[in-house]
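Here's a quick briefing to read with the model open in your viewer. Have a look at the fold before going through the notes.

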Amino acid sequence: MEQIEYWLSPEVQESAFGTPGNSGDITAIEHMANRLVGAYEGCMDWAIDLRSARPPASLLKLFHLAADYANNPVHQFRTFVDLAVSEFDKFSEIDWNSQEGIIKVSLPLTISGDAEVARQFAVERSRLRASLRRS
């Protein structure tokens, strides 16, 4: 998640998109987009790896809860991409010859985990630790 926060930081966005009134850097925009998609894919790969692992039966619930922790960020990122596509589609409707001023696009992205899944994970981890101490 830190990668996503970095690539969406105001400094990186300004570096890519430019300051108001100045053109952005298409190469930097493309690089930023690729890095964001890479972070999203990494999150999905991590969850897939956890779900396809064959842990001992005693650890299965912990593995599934860890994989479920990726659900919120993946859903939030997909929503962000849908919003971005919708916002950028509006550019095709603009008469660039009659447009004055600056066009502003706001694409908020909040990445957060699921507090309930985190709580369940902590409970299961504590249960397993206690079980191991008793063994």
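Is E124 buried or exposed? E124 is buried, with a relative accessible area of 6%; the cut-off for calling a residue buried is under 20%. Keep in mind that this is a predicted model. The notes below start with the whole chain, move on to the helix that holds E124, and finish with a few single residues.

**Overall layout**

- The chain has six helices and zero strands, so spread out that its radius of gyration is 21 Å, well over the 14 Å that the globule rule gives for 135 residues.
- In other words, the chain is more spread out than a compact globule.
- If you're setting up a box, the C-alpha atoms fill one of roughly 75 × 25 × 25 Å along the principal axes.
- Buried residues make up 23% of the 135 residues.
- About 9,700 Å² of the chain is exposed, and carbon and sulfur atoms supply 54% of that area.
- Take the contacts with a separation of 6 or more: 64% of them are between residues 24 or more positions apart.

**Helix α6**

- Helix α6 covers residues 115–134, which makes 20 residues, and at 1.5 Å a residue it should span 28 Å.
- The C-alpha atoms at its two ends are 29 Å apart, which agrees with that expectation.
- V117, E124 and L128 are the buried residues here. Looking down the axis of α6, the buried residues fall within an arc of 40 degrees, so they line one face of the helix.
- That buried set packs against α4 (60–68).
- Over on the other side of α6, A115, R133 and R134 are exposed.
- At the start of α6, D114 has a side-chain oxygen that comes to within 2.9 Å of the backbone nitrogen of E116.

**E124 up close**

- Leaving out neighbours within four places in sequence, E124 is in contact with S58, K61, L62 and L65.
- E124 also has a polar contact, side chain to side chain, with R127 at 2.6 Å.

**R51 in helix α3**

- R51 sits in α3, the helix that runs over residues 26–52.
- With a relative accessible area of 36%, R51 counts as partly exposed.
- What does R51 touch, not counting residues up to four places away in sequence? The answer is A67, D68 and N71.
- R51 and A67 are 16 residues apart in sequence, while their C-alpha atoms are 6.3 Å apart in space.
- There's a polar link in that pair too: a polar atom of the R51 side chain lies 3.4 Å from the backbone oxygen of A67.

**K104 in the loop**

- K104 belongs to the loop between α5 (71–89) and α6.
- K104 is exposed, with a relative accessible area of 74%; the cut-off for exposed is over 50%.
- From K104 to D89 it's 15 residues in sequence and 14 Å in space, C-alpha to C-alpha.

Definitions and conventions
Residues numbered from 1 in each chain as written. Predicted model: local features only at pLDDT ≥ 70, side-chain atom pairs only at ≥ 80, totals over all residues. Heavy atoms only, no water. Helix = DSSP H or I, 4+ residues; strand = E, 2+ residues; numbered from the N terminus. Expected span 1.5 Å × (residues − 1). Buried < 20%, exposed > 50% of the residue type's maximum accessible area, 1.4 Å probe, protein only. Arc of directions from axis to C-beta. Contact = heavy atoms within 4.5 Å. Polar contact = N/O pair within 3.5 Å; in protein donor to acceptor, adjacent residues only side chain to side chain. Rg over C-alpha atoms; globule rule 2.2 N^0.38 Å. Areas by Shrake-Rupley, 256 points an atom, 1.4 Å probe, with all protein chains shown as cover.
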